[in-house]
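Here are my comments on the charged side chains, set out as numbered points.

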Amino acid sequence: MNPITPEEYAKAVAHCVEIAQQGTGGGRVMAQVLLSAYNGDHFQLDITDLCSLDSSNYPFAVTVIRGRYEVRREPQEVIPNGSEIFRELWGQWKRLELVERAKRSCPDCDGGRIYKDDNDEVGVECSRCGGAGRICACGRQ
């Protein structure tokens, strides 16, 4: 197996970022790959999720994983504006963060707000989840 070059790693990171910025199933998986390589203390890849990538995207994910090890550089360092892009990905995919992963959607609200009717555009903050829209297995925030 040939080692991953810095150029291959950078190309794979850039490709995976494009996919991760989409709110799709593939985007979720690529976000896990990238954010795990970026900060493994906060994000961890569920390896079985790689099975949901199509055959054209899977090699890019594997190249990011191998590149992180073989090139010895963090993924945000190999693309332009990487730090900013990865902060945005973190915000977009916060629910994948380890402390959030075990939580489930709040059954009492719609994303943290409770609406009186279809015409209510503001709603009120859900008291069960405190407006987070997600609760832990115990039923609280």
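The points below concern salt bridges and one buried acidic residue in a predicted model.

1. Total. Seven salt bridges are present in the structure. The points that follow take up some of them and then turn to Asp120, which has none.

2. Asp49 and Arg28. These two side chains form a salt bridge with an N to O distance of 2.9 Å. Arg28 belongs to helix H2 (25–38), while Asp49 sits in the loop between helix H2 and helix H3 (58–70), so the pair ties together parts 21 residues apart in sequence. Asp49 is buried, at 14% relative accessible area. Arg28 is partly exposed, at 23%.

3. Arg73 and Glu77. Here the N to O distance of the salt bridge is 3.6 Å, to be read against a cut-off of 4 Å. Both ends have some solvent access: the relative accessible area of Arg73 is 35%, which makes Arg73 partly exposed, and Glu77 is partly exposed at 41%.

4. Arg128 and Asp108. The side chains of Arg128 and Asp108 meet in a salt bridge at 3.3 Å, N to O. Each residue lies in a loop: Asp108 between strand E1 (104–105) and strand E2 (113–114), Arg128 between strand E3 (124–125) and strand E4 (134–135); the pair therefore ties together parts that are 20 residues apart in sequence. Arg128 is partly exposed, with a relative accessible area of 31%, and Asp108 is partly exposed at 42%.

5. A network. Glu100, Lys103 and Arg134 are joined into one network by salt bridges that share partners.

6. Asp120, charge. Which side chain of opposite charge is nearest to Asp120? It is Lys116, at 5.0 Å. A salt bridge requires a nitrogen to oxygen distance within 4 Å. Asp120 is thus a buried residue without a salt bridge. Its place in the chain is the loop between E2 and E3.

7. Asp120, surroundings. What does the side chain of Asp120 reach at 3.1 Å? The partner is the backbone nitrogen of Val122. A polar atom of the Asp120 side chain also lies 2.9 Å from the backbone nitrogen of Gly123. With neighbours within four places in sequence left aside, Asp120 is in contact with Ile114 and Tyr115.

8. Points to keep in view. Two buried acidic residues appear above: Asp49 has a salt bridge with Arg28 and is buried, whereas Asp120 is buried and has no salt bridge. For Asp120, the backbone nitrogens of Val122 and Gly123 are the places to look in the model.

Conventions:
Residues are numbered from 1 along each chain as its sequence is written. This is a predicted model: local features need pLDDT of at least 70, side-chain atom pairs count only at pLDDT 80 or more; totals for chains, interfaces and linings use all residues. Side-chain values use heavy atoms; hydrogens and water are left out. Helices (H or I, at least four residues) and strands (E, at least two) are DSSP runs, numbered from the N terminus. Buried means under 20% relative accessible area, exposed over 50%, partly exposed in between (1.4 Å probe, protein chains only). Lys and Arg count as positive and Asp and Glu as negative; His and the chain ends are not counted. A polar contact is a pair of N or O atoms within 3.5 Å; within protein, one must be able to donate a hydrogen and the other to accept it, and residues adjacent in sequence count only if both atoms are side-chain atoms. Contact means heavy atoms within 4.5 Å.
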